[in-house]
Amino acid sequence: MKRSLYYIFLLLLLGCSTQPRPHNEGALVVTDDLGRTVSLSKAPLRIISFAPSLTEMVYALGGGDRLTGITAWCNWPPQAKEKTVVGDMMSPNFERMVSLKPDLALMIGSRPSPLLKKFEALNIPVLCFKDETVADIQRAVKMLGMILDCPSRADSLNREMDLQLAVIKAAVDQVPMNQRPKVFAELGSSPLFAAGDSSFIGQMIALAGGINVNGSIPSSYAAVNPELVVKGDPDIIIVLHPQTGKEQIRQRVGWQNISAVKSGKIYPGLDQDVILRPGPRFTEGLKILHGIFYAP
Amino acid sequence: MRRNIKAWYYLAPLSLMTGLLGLASGPAGFGLLSDPQVMAIRLPRVLLGMLAGAGLASSGAALQAALGNPLAEPYLLGVSGGAAFGAALALLMGLSAGLGGALGLPLFSLAFGLLALYVVYSLSKVGSRLPAETVILSGIIVNAFFSALIMLLLALAGRQLQEMIYLLMGNLGMIFGTQSLYLLWVCAAIIVFCTGYLWNQGRNLDLLSLGEQPAQSLGLKVEKLKVRILLASALMVAAVVSLAGVIGFVGLVVPHLARMIAGPKNSRLLPLSVVLGADLLVLADALARTIAPQEIPVGVITSLLGVPFFIYLLRRKKRNGL
């Protein structure tokens, strides 16, 4: 209570209007992935995005000019770099944000975050999206299409994704399980970070026709002992962080007998943004992975 | 006297078993000869565990004697804070990756560890004396300063955040990667040399525990000894931090465990601390590797296991009126 009073006071100081907006003309009531019901008074024109994947979606739907604030990680499409950076989920810059007078904030997450609570206290409408599966991506696109008032564009974007998915799936389905390559996806070298099947990259590996050697990790991402990679004996190693090169992996103690090291199928320097980001470009990432897994 | 001999009689095979257990257990399965590649990964880790445990425990024992304070430990001197800051700075600057980068982190760690010691030394020096209380106080202050700097680095870190956090939690898995293997030998040399020196000073430390004045009148150069003990401890701690991060608990509690077994005589206490420290850390890391597929920081295990055990020993000691 005290806190919300404080924010109202802040808003008054900044000269913002705290008068309730009219809830009639073209009011839009939506339910986000947390099950929260949010009513937007009109099609929002000043949007803040707290995730690169959401920024990409807004641009893909042609709503880029409605974005006023983004995170420092939002690097696609290139023109996004001209927008104001308002920090990220971990360190939001509220002062800068309030000065942008947003009428909608977009963020990701599967449970309420402190940031979400602050937006609610500031009376800025906020929508929270899950970003764990392909279905999450398509649902977010659909929802944003509704909010940005371009549902047909969202539908065609989703149809395009389905089409690309179907092409890869058709190719992958022809390969029996025991002939698919075993893949180790390295997300960090010190400590060695791997992804479980429940992570987005874990799903990407499966969709692209690979088998994740660290699939049994209970959490999405975890620091793992290098022994597990030796035991899993991957046919392919993909490096999804900038610290490690091919030569460094070759020289690691105990890794000489791993199939991927012996055959040289180590892939550093991949475009992490299209492979790891649950956004509209994920099919591009799938194509890259599929190309690597089934390279002649 | 006889009790001590009996302790060694049990400890030698126990240590051997601990080492073997450390080598035999891991996420890739249990067994000594299972796979030479797996062994190649485990062996450096077990060696590092032994070295780190031995170094931390012996420097703890020596510091407790030299400063006459049962709460003295290697991390109290500010050296760990300095070394951890150096290592984190090297990570932030990207010195841990790339060419010759493997050297950057330990060098930074060592340099800042020694810098911290130098600051503590100059802060606590009163004339030509080095009073124990001021050493401990300046150690705490310097540690606090470096903790603040570390937090600043954590706030500035982007991609390196993960690495930094694992460094601060203490992790023997950092040894993985061929570039740092030769560093293991450098670390081993530092720890063997410094531990040997401390052991060699066991009798002098006993004298010092009589009190500074009596020791001085018996011809001991007290301040010189203290400085050397501090330097040897700092070198070992910096070496450990550079390879395994900040592993708490061992340096503080293992010397007390050893004292319960071997009594207060430093010439016996120091080698026993070395053995117990090495065993404890290897055992804790074996457990950390086995209980989950994820890497669990070994510092968590040492504290979780060691604290209840230590409380049990303390209570038993009180009951028996030992």
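**Exercise 1. How many salt bridges does a search of the whole structure find over all chains?**

*Solution.* The structure is a predicted model, in which local features need pLDDT of at least 70 and side-chain atom pairs count only at pLDDT 80 or more, while totals for chains, interfaces and linings use all residues. Residues are numbered from 1 along each chain as its sequence is written, chains are lettered from A and ligands numbered from 1 in the order in which they are written, and side-chain values use heavy atoms, with hydrogens and water left out.

Step 1. A salt bridge requires a side-chain nitrogen of Lys or Arg within 4 Å of a carboxyl oxygen of Asp or Glu.

Step 2. With this criterion, the search over all chains gives 16 salt bridges.

**Exercise 2. Determine which residues are linked with A:Glu56 in a network of salt bridges.**

*Solution.* Step 1. A:Glu56 and A:Arg277 form a salt bridge through their side chains, with an N to O distance of 2.6 Å. Because A:Glu56 belongs to helix α2 (residues 52-60) of chain A and A:Arg277 to the loop between α11 (272-276) and α12 (282-293) of chain A, the pair ties together parts 221 residues apart in sequence. Helices are DSSP runs (H or I, at least four residues), as strands are (E, at least two), numbered from the N terminus.

Step 2. The side chain of A:Glu56 also meets that of A:Arg281 in a salt bridge (2.8 Å, N to O). Since A:Arg281 lies in the loop between α11 and α12 of chain A and A:Glu56 in helix α2 of chain A, this pair joins parts that are 225 residues apart in sequence.

Step 3. A:Asp273 forms a salt bridge with A:Arg277, and their closest N and O atoms are 3.3 Å apart.

Step 4. The network therefore links A:Glu56, A:Asp273, A:Arg277 and A:Arg281.

**Exercise 3. Classify A:Glu56, A:Arg277 and A:Asp273: is each buried, partly exposed or exposed?**

*Solution.* Step 1. Buried means under 20% relative accessible area, exposed over 50%, and partly exposed in between (1.4 Å probe, protein chains only).

Step 2. A:Glu56 has 3% relative accessibility, so this residue is buried.

Step 3. A:Arg277 has a relative accessible area of 10% and is buried.

Step 4. A:Asp273, at 25% relative accessibility, is partly exposed.

**Exercise 4. Compare the expected span of helix α10 (residues 222-244) of chain B with the distance between its end C-alpha atoms, and do likewise for helix α3 (residues 79-92) of chain B.**

*Solution.* Step 1. The expected span of a helix is 1.5 Å times one less than its number of residues.

Step 2. For the 23 residues of α10(B) the expected span is 33 Å, and the end C-alpha atoms are 32 Å apart, which agrees. Of these 23 residues, 18 are buried. Just after α10(B), B:Gly245 has a positive phi of about 75°.

Step 3. For the 14 residues of α3(B) the expected span is 20 Å, and the end C-alpha atoms are 20 Å apart, in agreement. Because 13 of the 14 residues are buried, α3(B) is largely enclosed by the rest of the structure. Just after α3(B), B:Gly94 takes a positive phi of about 75°.
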